[in-house]
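Got the viewer open? Let's take a short walk, one selection at a time.

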Amino acid sequence: MLDIKFIRENTQKVKDVCKIKKDDANIDKILELDDERKKILVEVEELKHQRNDASLEIAAKKKNKEDASELIADMQYVSAKIRELDEKINEIIAARDEIMARVPNIPHESVPRGESEKDNVVREEWGKKPVFDFEPKDHLTIAENLEIFDFPRGAKISGSGFPVLRGAGARLNRALIDFFLDAHRKNGYTEIQPPFFVNAQSAFGTGQIPKSKEQMYYAGEDDLYAIPTAEVPVTNLYRDEYIDEKNLPVKMCAYSACFRREAGSYGKDTKGFLRVHQFDKVELVKLAHPDNSYNELESLRKDAEIILQKLELPYRVLALCDADLSFAAAKCYDLEVWAAGEKKWLEVSSCSNFEAFQATRINIRFRRNGGKPEFVHTLNGSGVATARILVAILENYQTKDGAVIVPKVLRPYMDGLEEIANSRI
RNA sequence: GGAGAGAUGGCAGAGUGGUCGAUUGCGGCGGACUCGAAAUCCGUUGUAGGGCUUGUUUCUACCGAGGGUUCGAAUCCCUCUCUCUCCGCCA
């Protein structure tokens, strides 16, 4: 959430950003409501001042056994008025915040200008796309032959988009999670095991509510949301807390299952494992000093890239243009891995700096040299999701006879297994 | 699920209707003493929002959250959340 002061002082800039991001938040209405709030606030504070003075006087009179009934009668009127105005202010604030919660973050100056995702800029490309002396198959065909995915039974027990992994497929997925966590731990991230359900306040804090509420599974009986990413519980860990300046940046990594309803996205990249309702992901989260948060974004991105490099998967780095930037992000890099069967780049990680946008909502602060409280900057990135990595591994490491070579770095996690030729291993 | 106890400033812990933003202790900060430090003594100590003459200024709010009673609530009443103890159930 942007600060009301910031909106007031940078009205035109905020409006421009809304336009670029095709967001219809009514900025003028926010300012109008806030002006009204201030006006009434002055009035009600004056009345409260009156009442406080009168209360002292009444107390003094009672002590001296004097009659205070006239003053009390006056204050009855004043108190009624105060109540009325307080109520009005609360209504105004609620209306103002309702709109403010829908105003997107301001892109950092280094973010490229653009109209759509087509204007994202490729910053780097790493590795070589594999070359085959046969026609490479797509991951579904490979997985089906090896009997390591079981989508039909997943659909039977839960519904379409809930994958079942079997045998070597399940082991490969688990190996990836372990490998990711170990790699990040060695890079100084503290491993967190978070709850997979969160309350509404947490979902609001990281920005899923109200903007993308319909994308989350909701357990109404208990008023809990299934997390779409570990970013939600992990970023909220320090909600309403102060962090000692010398402990910044706080670096955390967390594995979680991720649940996404993907409402409205059918028809686009929905094949097989590319877009599913439940998948596994290791997330990186940093709480950083504002002076250093863009350096931290670069190193976060590198920490995610190392995973892809060690898996020897060709990938590229995109700098998202302002129009494609998500609601809460000020800057974002996407990592896309090459899938030889699909012959497509697959997004496997988004590394974002949210600056103070999330911290303002969830109130995570520090004191610069022990001075005034300031909001930290929050950052996160996938490090990474297993589903699309599985796709890339199956397609890039496939052999002519339909087997899949296990990437070297994963072998220690799979009892030294070098090749997957069927599910029963 | 049932019964009970509790939630107060960075921490500990008083306060049960009227100068209470809140006694006190610890911690922090400043100073004295000291070559320096410890100990001791003295002083100081939160957050947010607003007004204006922008000031070591003034006002308002904040004692888990939200309502209520009252001229006035940390204090009384209601609802909720969380923590602890006991009982029940259970991976």
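Start by selecting RNA strand B and whatever lies around it: 20 residues surround the strand, and the closest are Lys48, His49, Ala59, Met75 and Ser79 of chain A. A residue counts as near if its C-beta atom, placed from the backbone, lies within 6 Å of the strand. Next, colour α3 (27–63) and α4 (69–100), the elements that give two or more residues to this surface. The largest share, 14 residues, comes from α3. Helices here are DSSP runs of H or I with at least four residues, strands are E runs of at least two, and both are numbered from the N terminus.

Now colour the surface near RNA strand B by residue type: you should get nine nonpolar, six polar and five charged. In this scheme Asp, Glu, Lys and Arg are charged, Ala, Val, Leu, Ile, Met, Phe, Trp, Tyr, Cys and Pro are nonpolar, and the others, Gly among them, are polar.

A word on the model: it is predicted, with local features needing pLDDT of at least 70 and side-chain atom pairs counting only at pLDDT 80 or more, while totals for chains, interfaces and linings use all residues. Residues are numbered from 1 along each chain as its sequence is written, and chains are lettered from A and ligands numbered from 1 in the order in which they are written.

Zoom out to chain A, with its twelve helices and 16 strands. Its C-alpha atoms fill a box of roughly 100 × 45 × 45 Å along the principal axes. Finally, select 4–100 as domain 1 and 117–420 as domain 2, with bounds from an automatic or database domain assignment. The C-alpha centres of domain 1 and domain 2 are 44 Å apart.
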